[in-house]
Amino acid sequence: QPLFLISQAQRSGGTLLLRLFDGHPECHVVPFQLRGLDDAAKSPPSTLGEAWRMLWDPKLAHRYEEGHRQRKNAVLDDADTFSFELEPERQRKIFDACAGAYADPTLRNLFDCYFTSYFNGWSDYANVEGEKRWLVGFEPGVARSLARRTAVRDIYPDGLVISVLRDPWTWYAS
């Protein structure tokens with residue numbers, strides 16, 4: 001699926017928009033900030049192992065082992081911990097099988113295989129109904145950088161980037 005990337009200055013509503021898309025039946029939504037877009041575009045990986053290291057977020061293993069809590073410094077400190085059933089070894093096996101099917105995978109093929117492994121490796125992923133039309137992700141700061149926008153466009157020419165704008169007075173107060 002093409003990427004629908006939400007990007008903006010921090011504390012401008014991008015996470016809220018991401019959460020709103022999360023329940024849509026035509027969207028696969030990555031619940032955490034994306035990793036690897038910039039690095040992969042600047043220096044494309046030459047091996048599957050390199051691609052995996054570039055795209056995989058080590059925080060996923062921690063969330064798998066310890067669970068996930070909503071917290072953000074002193075702003076949000078939720079005491080509840082939720083399971084996150086994305087077993088790293090299972091995800092890696094799916095990625096290797098998908099990417100290994102290509103004789104010479106493009107950068108887009110590697111991203112597609114990574115997100116295929118992400119959503120198929122996640123054993124309690126609940127948004128499985130309906131035909132998926134979009135991959136929705138969040139990464140702040142992409143919209144303000146020409147190099148970063150170009151990198152995303154090169155990987156996902158069929159994708160979209162949306163930047164949330166917030167009133168400067170309320171943003172600064174936040």
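A residue is called buried here when its relative accessible area is under 20%. With that cut-off in hand, let's walk through this predicted model, starting at helix α3.

Helix α3 covers residues 48-55, and its buried residues are Gly 49, Ala 51, Trp 52, Met 54 and Leu 55. What lies over them? The cover includes α2 (37-42), α5 (88-100) and α6. Two of the names from α3 will come back: Leu 55 is among the residues that line the largest cavity, and Trp 52 belongs to a cluster of aromatic rings.

Let's take the cavity next. Rolling a probe the size of a water molecule over the atoms shows where empty space is left. How many cavities of 30 Å³ or more does a search of the whole structure find? It finds one, and the largest cavity holds about 110 Å³ of space. Its lining draws on Val 30, Phe 32, Gln 33, Leu 34 and Arg 35, on Leu 55, Asp 57 and Leu 60, and on Phe 111, Tyr 114, Phe 115 and Tyr 118. Sorted by class, that makes nine nonpolar residues, one polar and two charged. Helix α6, residues 107-121, gives the largest share of this lining, with four residues.

Helix α6 is also a good place to look at the rings. Tyr 114 is buried, because its relative accessible area is 5%; Phe 115, at 10%, is buried too. Across the structure there are 13 aromatic pairs. Tyr 114 and Phe 115 make an edge-to-face pair, with 5.2 Å from centre to centre and 75° between the planes. Tyr 114 also pairs with Tyr 118, this time in a tilted arrangement at 6.3 Å centre to centre and 50° between the planes.

Where do the two tyrosines sit along the chain? Tyr 114 and Tyr 118 are both in helix α6, four residues apart, or about one turn of the helix. An α-helix has 3.6 residues a turn, so residues three or four places apart point the same way. Tyr 118 has a relative accessibility of 2%, so Tyr 118 counts as buried as well.

Now step back to the wider set of rings. Ring pairs join Tyr 114, Phe 115 and Tyr 118 into a cluster with Phe 32, Trp 52, Trp 56, Phe 84, Phe 95, Phe 119 and Trp 122. Phe 32 deserves a last look. Besides being part of the cavity lining, Phe 32 has the charged end of Arg 63 sitting over its ring, 3.6 Å from the ring centre.

Technical notes: Residues numbered from 1 in each chain as written. Predicted model: local features only at pLDDT ≥ 70, side-chain atom pairs only at ≥ 80, totals over all residues. Heavy atoms only, no water. 1 Å grid on protein atoms, 1.4 Å probe; cavity = no way out; pocket = protein on both sides within 12 Å on 5 of 7 lines; lining within 4 Å. Points joined across faces, edges and corners; volume = space filled by probe spheres on them. Helix = DSSP H or I, 4+ residues; strand = E, 2+ residues; numbered from the N terminus. Nonpolar A, V, L, I, M, F, W, Y, C, P; charged D, E, K, R; others polar. Phe/Tyr/Trp six-rings, centres within 6.5 Å; stacked < 30°, edge-to-face > 60°. Buried < 20%, exposed > 50% of the residue type's maximum accessible area, 1.4 Å probe, protein only. Lys NZ or Arg CZ within 6 Å of the ring centre and 35° of its normal. Contact = heavy atoms within 4.5 Å.
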